[in-house]
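Please open the model in the viewer and keep the selection tool at hand. The tour proceeds by stops, each with something to select and something to see.

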Amino acid sequence: MAERTRTGGMLSMSNYGPAKYACRECRRRKSKCDRLVPSCSLCDKFRRRCIYEALSKTPLTRQYLTEVEEELARTKALLSGLLPSSTRNIGRTGGRGLTSDTSNPEGSSEQPERADIPHSNIGSNIAAEVPNQPQLRVFSASSSSSGQLYDYSERSQTGVSHQASHRSQDAVMSMETPPSAGNANFEWDERTDNQGGDGFVDGMAILPSRSNDGGYLGTASGAALLRMTNSQSGGERFDMPEPGRPFETAPSHQSPSVPFALSSLSQLEPFVDAYFSLYHCSYPIIHEATFRAQFMEIIPRPTCNTWQVLLHVVAALGAFTAAVTPTDVDLALFKAAKTRLTIDVLETGSLILVQVLTLSSNYLQKRNKPNSGYNYLGLARRTAMGIGLHKEFPTSKAPSLVMEMRRRVWYCLYIFDVGAIITFSRPLEFPEQGIETRLPLNIHESGITASTRGTPSPVAETTVYTHLRGQATFHLKTNLIYNRITSTSFPSAADLIELDDSLIGEWLASLPSFFNEGAIQAPKFALCHSILRWRYRNLRILMYRPFVVGKWMLNAERGPDGLREKDDTHVELAIQRCFDAARESVELISSFWEQHQKTALACWYGVYFLFQATLIPVICLRNNPSDLAAHGWREQILQAVNTLESMAALNANAERFLRVIQSLCGCYLYPRSNGWEGPIQESPETQIANLYPLMWPTLEMAQLDGVDSAFL
């Protein structure tokens, strides 16, 4: 028997009999090894270091193969972007192109002067052969268990070429990556109610699916910024907080059920009341008096099955949004609605169907089925145009209430659709031409009835239609900004500041005095007024955060062909506006949550806007924890953490986001005996690469050469 001792994962054998497996060098070169110990014949001949390893079998599972495929795709994309064309065959040769003797079977000619290069030094030899490229450190097989094969943290301060710097900045500006090898079509399946599996996707488009089956989400989505900030190995352990750290709560999930047998529709009355008490104040897509009269059968209910669907969707939204404790009753109510929504309904067109599809889409998004909701919105938009909701009819003799309801339904659909598009960062689909529908009047609900013939005068106070008008005008004004920041050529800081002043500034000035920034609202309108304040600040964060990332993550030096002095001034102003919007968002949301009723609807919007705002100080703190502004960043993060901890009881996403914050910058929030933690060591490329399995994918890294950068 051969004597064997294990040292650092390698086997050292005495000279008694052949080894069980070929040596490492022969396996790498695909040569036939005679397995003699302590050194095989080929290694003796060419004076190579002969090492025999104990091989361990990899698990033959679909999950493991998918991880390997994704890692290979990521590696090839990174190498093709960083190495010249002469070395881009590495991905096709399996790494053998790294040396001149790519394949040496037994008996073939080998070059001794090249063969004695140690395997662990291959990366440094590549850097020597390829001038002006970032130095790569290639880990051996025994050190790549985490899946991180390439580390860019040892880049030379003077060896990074202008081209590589340009590419890095473009990558930051884009914040997009390709789909995984296992799901190149961004396919998804949201038919399950399980929200804890690998395929989980949150309706806020912030935390991506680990299995990359969450559909396409682009640069303006909340997940885009997370692509660049995760420092965990492989970028797929967001849900695992460190033991003993704060922000840990226990998740809970109950099976959906209705706590009583539905023997009569009248049993849905509490849920209908809940819907109109809260949700209706923000999104008045239904005429309350008419709907309640139909529900109580004061007037005949519509005979179509679609009205029954609408009733159950309204009940589901009421049960969910007005809840002050966790509930799953709404899931059962929405399931009852879906059983009544047959495929035959899609062969009809009515105002009720538009209401059903629009409300269903919003409910599904809030219940973490964003792609399903997005599909419902598409059906709602086509149905709405099919019945002419986008047109005005000056000669129509229809009652004023009918015409006004058409406007309300159209603009509720519009703000839901545009809001979802911005959340998921997908292309705007509403046409710019041919839309004639006027905004709904700002009147009390009793101001127009079925018998009203004239047009009532608007009132100078907040009504259930004030928020609808405010958000609709916001999107109508600012859609140009969204189109610009999601285009291939990212606008300059000067252009964005001009758009901000002219579009967002004009919109703010156009708000009525009773609904402007500082106006005090009645309790029933406090939430919708606050959401509007959070919303426009969120757009400013999306506009300016690439400049924050460029400064605090890239920290790139400006060359002689870089930004001019006046452009530097605009960049600094853009960064300051992003900081201000993030800080104000954290303060406003935390204050609202502390002072007002804590409902699931308020929690959903609060979590969504709060987490996106918190990511700004998070990425700054982890990249420069000793900056003079670091104290303010820590205060913002800790304030957001306290609010999210309170929100976690009503929204599971809050708990997930807490774990993300902990994993990203937990070590920078609390001082140690030897001082604050140092800045994160990963380069921008590594931070992007590490997060690849969690990204909402869009664009190949190798394609980023054609993307214009606002920094160059």
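The first stop is V68, which lies in helix α3, residues 62–82. Please bear in mind throughout that this is a predicted model. Is V68 buried, partly exposed or exposed? V68 has a relative accessible area of 35%, and because buried means under 20% and exposed over 50%, V68 counts as partly exposed. Now add Y64 and L65 to the selection: with V68 they form a nonpolar patch on the surface. Together the three residues have about 220 Å² of accessible area.

Next, select residues 22–52. The unreviewed UniProt entry places the feature "domain: Zn(2)-C6 fungal-type" there. Over this stretch the chain is 35% helix and 3% strand. The C-alpha atoms at its two ends are 7 Å apart.

**Helix α15**

Move to α15, residues 400–424. How far apart should the ends of its 25 residues be? At 1.5 Å a residue, the expected span is 36 Å, and the end C-alpha atoms are indeed 36 Å apart, so the two values agree. Colouring by accessibility is useful here, as 24 of the 25 residues of α15 are buried. Then step just past the helix to S425, which takes a positive phi of about 55°.

**A link between two loops**

The structure holds 26 salt bridges. For one of them, select E436 and K391, whose closest N and O atoms are 2.7 Å apart. This pair links distant parts of the chain, 45 residues apart. E436 sits in the loop between α15 and α16, while K391 sits in the loop between α14 (370–386) and α15. Both partners are partly exposed: E436 has a relative accessible area of 37%, and K391 has one of 29%.

**Helix α16 and its neighbour in the salt bridge**

Continue to helix α16, residues 466–485. Its 20 residues should span 28 Å at 1.5 Å a residue, and its end C-alpha atoms are 28 Å apart, which agrees. Where does α16 bend? Select T478: the helix bends there by about 50°.

Within reach of the same selection is R484, which forms a salt bridge with D495, the closest N and O atoms being 3.8 Å apart. R484 belongs to helix α16 and D495 to helix α17 (residues 493–510), eleven residues apart. R484 is partly exposed at 29% relative accessibility, and D495 is likewise partly exposed, at 32%.

**A salt bridge inside one helix**

Now select R583 and E587 in helix α19, residues 565–595. Their side chains meet in a salt bridge of 3.9 Å, N to O. Why are these two residues separated by about one helical turn? An α-helix has 3.6 residues a turn, so residues three or four places apart point the same way. R583 and E587 are four residues apart in the helix, and therefore about one turn separates them. R583 has a relative accessible area of 30% and is partly exposed; E587, at 38%, is partly exposed as well.

For the last stop, select E25, R28, R29 and R48. Salt bridges that share partners join these four residues into one network.

How values were computed
Residues are numbered from 1 along each chain as its sequence is written. This is a predicted model: local features need pLDDT of at least 70, side-chain atom pairs count only at pLDDT 80 or more; totals for chains, interfaces and linings use all residues. Side-chain values use heavy atoms; hydrogens and water are left out. UniProt positions are given in the numbering used here, feature names are shortened, and annotations may be inferred rather than shown by experiment. Patches are made of residues with over 30% relative accessible area and no salt bridge: like charges are joined within 9 Å, nonpolar side chains (Val, Leu, Ile, Met, Phe, Trp, Tyr) within 5 Å. Accessible areas come from the Shrake-Rupley method with a 1.4 Å probe; for residues, only the protein chains shown count as cover. Buried means under 20% relative accessible area, exposed over 50%, partly exposed in between (1.4 Å probe, protein chains only). The expected span of a helix is 1.5 Å times one less than its number of residues. The bend at a residue is the angle between axes fitted to the seven residues ending there and the seven starting there.
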